[in-house]
Amino acid sequence: MSVREFVVLGTASQVPTRHRNHNGYLLRWDGEGILFDPGEGTQRQMLRAGVAAHDINRICITHFHGDHSLGLAGVVQRINLDQVPHPVTAHYPASGQVFFDRLRYATAYRETVKLREEPVAGDGVLAEGPPYRLETRRLSHPVESFGYRITEPDGRRMVPELLARHGVKGPDVGRIQREGRLGAVTLDDVSVPRPGQRFAFVMDTRLCSGAEELAEGCDLLVIESTFLDEDERLAADHGHLTAGQAARVARGAGVRHLVLTHFSQRYGDPGEFERQARAAGFEGELTVAADLARIPVPRRADA
């Protein structure tokens with residue numbers, strides 16, 4: 001049975017709090033796990049959330065600020081300590097290669113796992129296969145930063161009424177799905193388009209076209225909202241979004257489920273992020289992320 005869920009390991013921004021760990025997120029996508037932005041404490045949060053090193057197939061780092069990357073050293077060493085049986089691929093801004101190298105080899109350890117380095121130099125597709133297409137867009141932050149997007153290939157949904165009308169049943173249903181035709185009956189005659197699921201991960205950024213492109217049509221958008229709207233000037237100065245700005249990105253992109261995260265320690269009431277996001281006009285499902293939360297990717301919407 002396939003599992004598609006987003007596991008929140010940490011939701012703090014620059015300074016962790018008693019209730020919020022530094023960043024860390026794992027996306028389970030069928031049989032793969034993609035770890036995003038492992039900040040300090042990620043390895044311990046993985047333990048608390050029931051996430052094993054064996055679950056990680058890719059590591060995606062948006063940028064090299066400490067709250068998004070200082071946990072990488074421990075995660076890499078844990079992957080090797082546990083002798084994960086598959087290669088792990090790491091994506092990160094190419095301009096931060098020196099930081100990646102320092103974190104990867106922060107201390108001595110025995111390398112037992114192949115870690116493929118695939119740095120990101122610009123917008124484009126990083127990986128493409130049957131499970132998904134992984135692509136990236138440049139964001140707007142004081143250091144080079146990239147967001148990530150996963151898109152499942154579009155498919156088709158079989159319609160029982162159409163199958164019955166054309167007399168297609170039993171093993172022939174699978175055959176027409178595989179071959180696209182059964183005699184004079186085509187796959188289009190008995191099915192309708194089924195858009196693939198879309199997920200995007202947008203961290204530290206000002207409003208920019210990259211964030212909007214990543215969010216377009218997403219079933220689940222995870223996006224930073226470091227500041228509340230009254231601190232919009234401060235957000236712009238430091239390269240961040242407010243709750244209202246993040247919500248307007250999601251609203252304009254037609255996002256189904258919006259997840260706000262990466263909160264400044266200056267705010268004590270997480271409910272205010274939701275109130276401001278609603279005030280900005282976002283009407284879809286909305287989650288203000290909490291550490292160790294598990295958020296399912298919404299089921300595919302039929303066209």
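Is Val 76 buried or exposed, and what is its relative accessible area? Val 76 is buried, at 3% relative accessible area. The points below take up the whole chain, then Val 76 and other residues in turn.

1. **Status of the model.** This is a predicted model. Please read every value in this note as computed from that prediction.

2. **Overall fold content and size.** The chain holds 11 helices and 18 strands. Its radius of gyration is 21 Å, close to the 19 Å that the globule rule gives for 303 residues, so the chain is as compact as a globular protein of that length. The C-alpha trace spans about 65 × 50 × 35 Å along its principal axes.

3. **Burial and contacts across the chain.** Of the 303 residues, 51% are buried. Take the contacts between residues at least 6 apart in sequence: 66% of them join residues at least 24 apart.

4. **Surface and charge.** About 13,700 Å² of the chain is exposed. Carbon and sulfur atoms supply 48% of that area. The charged side chains number 37 positive and 41 negative. The centres of these two sets lie 5 Å apart.

5. **Helix α3 and Val 76.** Val 76 sits in helix α3. The helix covers residues 72–81, and its buried residues are Leu 72, Ala 73, Val 75, Val 76, Ile 79 and Asn 80. Val 76 counts as buried because its relative accessible area, 3%, is under the 20% cut-off. Beyond its neighbours up to four places away in sequence, Val 76 touches Arg 104, Tyr 109 and Leu 115. Gly 122 is another matter: 46 residues separate it from Val 76 in sequence, and the C-alpha atoms are 25 Å apart in space.

6. **Gln 83, after α3.** Gln 83 follows helix α3. It lies in the loop between α3 and β5, the strand at 88–91. Its phi is positive, about 50°, although Gln 83 is not a glycine. Most residues other than glycine have a negative phi. That backbone angle deserves a look in the viewer.

7. **Asp 37, a second positive phi.** Asp 37 is not a glycine either, yet its phi is positive at about 45°. The residue belongs to the loop between β3 (32–36) and α1 (42–49). Is Asp 37 buried or exposed? Its relative accessibility is 0%, so Asp 37 counts as buried.

8. **Cys 60 in strand β4.** Strand β4 runs over residues 58–60 and includes Cys 60. Cys 60 has 0% relative accessibility and so counts as buried. Which residues does Cys 60 touch, not counting those up to four places away in sequence? They are Ile 34, Leu 35, Phe 36, Asp 37, His 91, Leu 134 and Tyr 148. Asp 37 in that list is the positive-phi residue of the previous point. Ala 235 is 175 residues from Cys 60 in sequence, with 24 Å between their C-alpha atoms.

9. **Ser 69 in helix α2.** Helix α2 spans residues 66–69, and Ser 69 is part of it. Ser 69 is buried, with 4% relative accessible area. Its side chain reaches the backbone oxygen of His 65 at 3.1 Å. Leaving out residues up to four places away in sequence, Ser 69 touches Pro 38, Gly 39, Ile 61, His 63, Phe 64 and Leu 103.

10. **Glu 135 in strand β8.** Glu 135 lies in β8, residues 133–138. This acidic side chain belongs to a residue that counts as buried, at 8% relative accessibility. What does the Glu 135 side chain make polar contact with? One partner is the side chain of Arg 133, at 3.5 Å. Another is the side chain of Arg 137, at 3.4 Å. Apart from residues up to four places away in sequence, Glu 135 touches Gly 124, Val 125, Leu 126, Gly 147, Tyr 148, Arg 149 and Thr 151. Tyr 148 also touches Cys 60.

11. **Leu 182 in strand β11.** Strand β11 consists of residues 181–182, and Leu 182 is in it. Leu 182 has a relative accessible area of 16% and is buried. Outside its neighbours within four places in sequence, Leu 182 is in contact with Val 168, Asp 172, Arg 175 and Ile 176. Asp 172 is 10 residues from Leu 182 along the chain, and their C-alpha atoms are separated by 7.6 Å.

Definitions and conventions. Residues are numbered from 1 along each chain as its sequence is written. This is a predicted model: local features need pLDDT of at least 70, side-chain atom pairs count only at pLDDT 80 or more; totals for chains, interfaces and linings use all residues. Side-chain values use heavy atoms; hydrogens and water are left out. Helices (H or I, at least four residues) and strands (E, at least two) are DSSP runs, numbered from the N terminus. The radius of gyration is taken over C-alpha atoms; the globule rule is 2.2 Å times the number of residues to the power 0.38. Buried means under 20% relative accessible area, exposed over 50%, partly exposed in between (1.4 Å probe, protein chains only). Contact means heavy atoms within 4.5 Å. Accessible areas come from the Shrake-Rupley method with a 1.4 Å probe; for residues, only the protein chains shown count as cover. Lys and Arg count as positive and Asp and Glu as negative; His and the chain ends are not counted. The place of a charge is taken as NZ of Lys, CZ of Arg, CG of Asp or CD of Glu. A polar contact is a pair of N or O atoms within 3.5 Å; within protein, one must be able to donate a hydrogen and the other to accept it, and residues adjacent in sequence count only if both atoms are side-chain atoms.
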